[in-house]
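Got your viewer open and a selection box ready? Let's walk through the model stop by stop.

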Amino acid sequence: MDMSTPVEEIKGVGPKTAELLHNVNLRTVGDLLYCLPRVYENYQTSVTIEDLKPGNVVVRGKISDLHIVRTARRRLTITEGVIRDETGAIRTVWFNQPYRAKQFDPKREYFFTGKYELKHGRYTLTSPSATLVQDLEQDGEAARFQPIYSAKNAIKPQTFQKILANLRPEFAKIPDLLPFTTYAPDFIKSGARAEALYCSHFPESPEDAETGRRYLAYEELFELILAAKLNQQENQRLRAMSLPFDAGLIKEIVQSLPFRLTGAQRRSTWDILQGLEKKVPMNRLLQGDVGSGKTIVAALAAAQTAHNGCQVALLAPTAILATQHYEGLNQLFRGIESQNPQLKMPTMALLTGATRGKKRLKEEIAQGKIDFVIGTHALLTDDTNFKSLAFCIIDEQHRFGVGQRQKLLLKSPDGLAPHLLSMTATPIPRSLQLTIFGDLDVSILNELPPGRQPIVTKILNELQQKDELYPAMRELLGKGQQIYWICQVIEETGTNTATPVKKQAKKLAELFSQVKVGLLHGKMKPAEKDQIMEDFAQNKIQILVSTTVVEVGVNVPNANMIIIQDAENYGLAQLHQLRGRVGRGDQPASCYLLTDGEGRPSRRLREMEKSTDGFHLAEVDLKIRGPGEIYGAMQHGELNLQVANLSDTKLIAEASQHAAEFAKNPEAITAYPELSARIKKYQQLTTLN
Ligand code: ADP
Ligand code: MG
C-alpha cells in the first residue's frame with residue numbers, strides 16, 4: 001500500500017463508502033492522509049459547571065429539557081436545552097440545527113465544547129459540539145485529546161476516523177517527500193513526514209499535534225513557493241512582443257489629464273511601461289486601494305501598446321464596470337485627439353453580453369481595426385480572435401478563475417505570449433506575495449489622489465435606523481447627494497434570513513417618497529442594469545438599492561453614503577470594496593454597517609469601523625479567515641491551504657530559501673515524482689498566467 005493506492009483497497013472501505021469518498025475528491029490513501037483534523041479537542045481541560053468562566057469551554061454532563069423554538073422575524077430555528085453536572089446547570093442553544101433536539105440520550109454523559117457567553121442577558125453555551133464520554137473512554141486516557149474532522153458532505157467524522165484507524169499500521173511506510181538539501185531546516189529529515197502525519201491523526205498530546213502541524217505547514221509552504229518559482233522560470237522562457245516606450249506620447253497624454261498623477265501612479269506607470277518593452281512577457285500585479293486611480297495607469301500602458309501597432313484587451317468582471325471603463329477612456333482618448341490631431345490614440349470598442357452587432361465587431365477585432373477592446377466574459381468566447389493581441393489587462397483579477405485568465409492569454413498570435421497586468425483593490429498581504437504569488441512582479445499604489453475625504457464608518461443596530469440613520473440620509477439627500485443601499489439577496493429564500501433587495505427598495509421608496517429610489521440586481525437584463533446605473537450616475541436616481549453587483553469598480557462621485565444591510569454576512573474584503581463606492585468625490589462620506597443587534601458585532605465589523613486602509617484590512621482578514629478563501633483560485637475552493645499559517649514568517653523564510661535553492665536545478669525535481677505531481681497542481685492554481 002502506498003500514497004497512490006485507491007481508497008477501495010483500504011480495509012473496511014466498501015463500495016458505498018468509496019463512492020462517498022470519491023464524491024468529495026478523496027481517491028487515494030494520500031488524499032485521505034492529507035485530510036487533516038479541523039481542530040483538536042482537549043477534553044482534559046473540562047471544568048465543572050460551578051467553575052465555568054466565559055470563553056471557549058469543555059463541560060462534561062447530561063443534557064435534558066431539549067425543545068425547539070422558532071423565531072418569526074428571522075425565521076430561525078433555535079434548539080434549547082439544559083446541561084447538568086453534579087455542581088450545577090447551564091442553558092445551551094443551537095441555531096438552525098433542529099436535529100440536535102433528537103440527538104441526545106438524556107441518561108448518558110457527553111463532553112460539550114463551545115463558547116460560554118452572555119446572550120440576551122443570560123449566560124449560555126452556544127452551538128457546542130458534543131462527544132459521548134463513553135466513546136472516548138474505550139480508548140483510555142489518551143483519547144481525551146481528540147482530533148476533530150469536519151463532516152465532508154455525507155461522510156461522518158466517525159466513519160472517517162475508523163478508516164484512518166484501519167490505516168494506522170501503514171503510517172510507518174509513508175515515504176519522504178521533500179529533498180534533504182543543505183538549506184533544509186533540521187526537522188526536515190528522514191521519517192519526518194510519516195511521523196508528522198501520524199502525530200496529526202493520532203496525537204496523544206497538544207505537543208504531538210504541533211509537531212505534525214509544523215512539518216505539514218512547512219511542506220505546504222515549500223510546495224507553494226517552489227510552484228511559484230517554477231512558474232516564474234517558465235514565464236522567463238516565453239517570448240512576448242516588445243513595445244518600445246515613446247516618452248513624447250506618454251507626456252502628451254499625462255499633460256492633457258484633468259489632474260496630476262500621484263507619485264505612486266508615476267512609479268507604477270514607469271514599471272509597467274518598462275515591462276512592456278521587454279521580450280519576456282510581463283506578469284505584473286497592480287495593487288491599489290479602491291479609488292487609488294489604477295485605471296489611468298492601465299490606460300497609459302494601453303496607449304503605448306496601440307502606438308506600437310498592437311492590440312490591448314481589458315477584461316472586467318461586470319458589464320457595468322466594463323461600460324464605465326469604456327466610456328471614461330474613450331472620452332479621454334477622443335478628447336486628447338481633438339486637441340492634438342497629430343496624436344493617434346487607440347480606437348476602442350466595448351464587448352459585453354449586451355453588445356449589439358457582435359459579429360461585425362468581432363470581425364473588426366480580428367482584422368486589427370480596433371486597438372483597445374474592453375469587455376466582460378463575452379471577450380473570452382472562442383469566436384473572439386485578435387490580429388495582434390500583445391497586452392492583456394485584467395481588472396479586479398481576484399474575480400476571475402485561472403481558466404478564464406488562460407482563455408484570454410491564449411488569444412495572442414502563435415508563438416507569442418501577451419504581457420499581463422492584473423489589477424486588484426484587494427491587497428495581497430506580503431506573506432502571500434512571497435508564497436502563492438511569488439512569481440509576480442508587484443506595483444503598489446499606496447497613495448490616494450489628493451483631496452479625498454475620509455469615510456466615517458459606523459456599526460448600527462437595525463433598531464436605530466429610525467432615530468439615527470434616516471435623519472442622516474435625509475440630510476445628505478437635502479444636499480443633493482446620493483446613497484447606495486446594499487442588500488445581500490434578491491428575493492426571500494428558504495435559509496438566508498437577510499433582507500431581500502426588492503423588499504427593501506419598496507420600503508425605502510415609501511419612506512423617502514420625495515426622491516427617486518432605484519433597484520439593481522444581477523438577475524436583471526443587461527440593458528436594464530445599464531440604464532439604472534446610467535440614471536444613478538446622472539443623479540436621476542438618488543437612492544440605489546442594489547445587491548453586490550455594484551461592489552467593484554463603479555464610480556459615482558456624488559454618492560457619499562453607503563448602507564450595508566445584514567453586514568455580518570459579508571467578508572472583510574467585500575465590505576471594504578463596497579465601502580470604496582463612496583468617498584470618491586470631494587465631499588465627506590459615510591458608511592453604515594447594519595446588524596440585527598444580537599450579540600457583539602464581529603471583529604470584521606469592528607475593524608471596518610477602525611480602519612479604511614485596505615492593506616491593513618487585508619492583513620487582518622488573513623489572520624481572521626486564514627488564506628483559504630481570500631484569493632483567486634482559493635476563492636473557488638481549489639487551493640485549500642490546510643495547515644500553513646501565513647503569518648509564520650520564520651517558517652516562510654526557511655521554506656523560501658530551501659525552495660529557491662532546489663529550483664536552481666529544475667532537472668533535480670524529476671527524482672521526486674510525488675513532489676513533482678503535487679507541484680504541478682499548485683502551479684496551475686497559483687499562476688496568474
Ligand atoms: P481604482 O483604483 O479604484 O480603479 P479609479 O481608477 O476608478 O480607481 O479612479 C478613481 C477616481 O479617481 C476616478 O474618478 C479617476 O478619474 C480619479 N483619479 C485618478 N487618478 C487621479 C489623480 N492623480 N488625481 C485626482 N483624481 C484622480
Ligand atoms: Mg477600478
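## Stop one: a pair of strands

Select strand E2 (residues 55-71) and strand E5 (residues 110-119): the two run antiparallel and are joined by 7 bridges. Strands here are DSSP runs of E with at least two residues, helices are runs of H or I with at least four, and both are numbered from the N terminus. Two strands pair if DSSP finds at least two bridges between them.

Before going on, a note on the ground rules: this is a predicted model, in which local features need pLDDT of at least 70 and side-chain atom pairs count only at pLDDT 80 or more, while totals for chains, interfaces and linings use all residues. Residues are numbered from 1 along each chain as its sequence is written, chains are lettered from A and ligands numbered from 1 in the order in which they are written, and side-chain values use heavy atoms, leaving out hydrogens and water.

Now show Asn56, which stands opposite Lys115 in E5. Then pick Val58, whose opposite number in E5 is Thr113.

## Stop two: across to E6

Keep Thr113 selected and add Ser129, its bridge partner in E6. Strand E6 (residues 122-132) runs antiparallel to E5, with 9 bridges joining them. Follow the chain round the hairpin that E5 and E6 form: 2 residues lie between the strands, and His120 in the turn has a positive phi of about 50 degrees.

Zoom out, and 5 strands close into a barrel in the order E2-E3-E4-E6-E5, with mixed pairing. From one strand to the next, the twist averages 45 degrees (axes are lines fitted to C-alpha atoms, and angles run from 0 to 180 degrees between N-to-C directions).

## Stop three: ligand 1

Which residues are closest to ligand 1? Among the 16 that surround it, the closest are Arg260, Gly291, Lys294, Thr295 and Arg452 (a residue counts if one of its heavy atoms lies within 4 Å). Try these distances:

- Arg260: a polar backbone atom is 2.7 Å from a nitrogen atom of ligand 1.
- Lys294: a polar side-chain atom lies 2.8 Å from an oxygen atom of ligand 1.
- Thr295: an N or O atom in the side chain is 2.6 Å from an oxygen atom of ligand 1.

The protein covers 81% of the 570 Å² of accessible area that ligand 1 has on its own (Shrake-Rupley method, 1.4 Å probe).

## Last stop: His658

Finally, select His658 in helix H22 (residues 649-663). Is His658 buried or exposed? His658 is buried, because its relative accessible area is 0% (buried means under 20%, exposed over 50%, partly exposed in between). Add Thr181 to see a polar contact between the two side chains at 3.4 Å (a pair of N or O atoms within 3.5 Å, where one must be able to donate a hydrogen and the other to accept it; residues adjacent in sequence count only if both atoms are side-chain atoms).

Key
Buried < 20%, exposed > 50% of the residue type's maximum accessible area, 1.4 Å probe, protein only.
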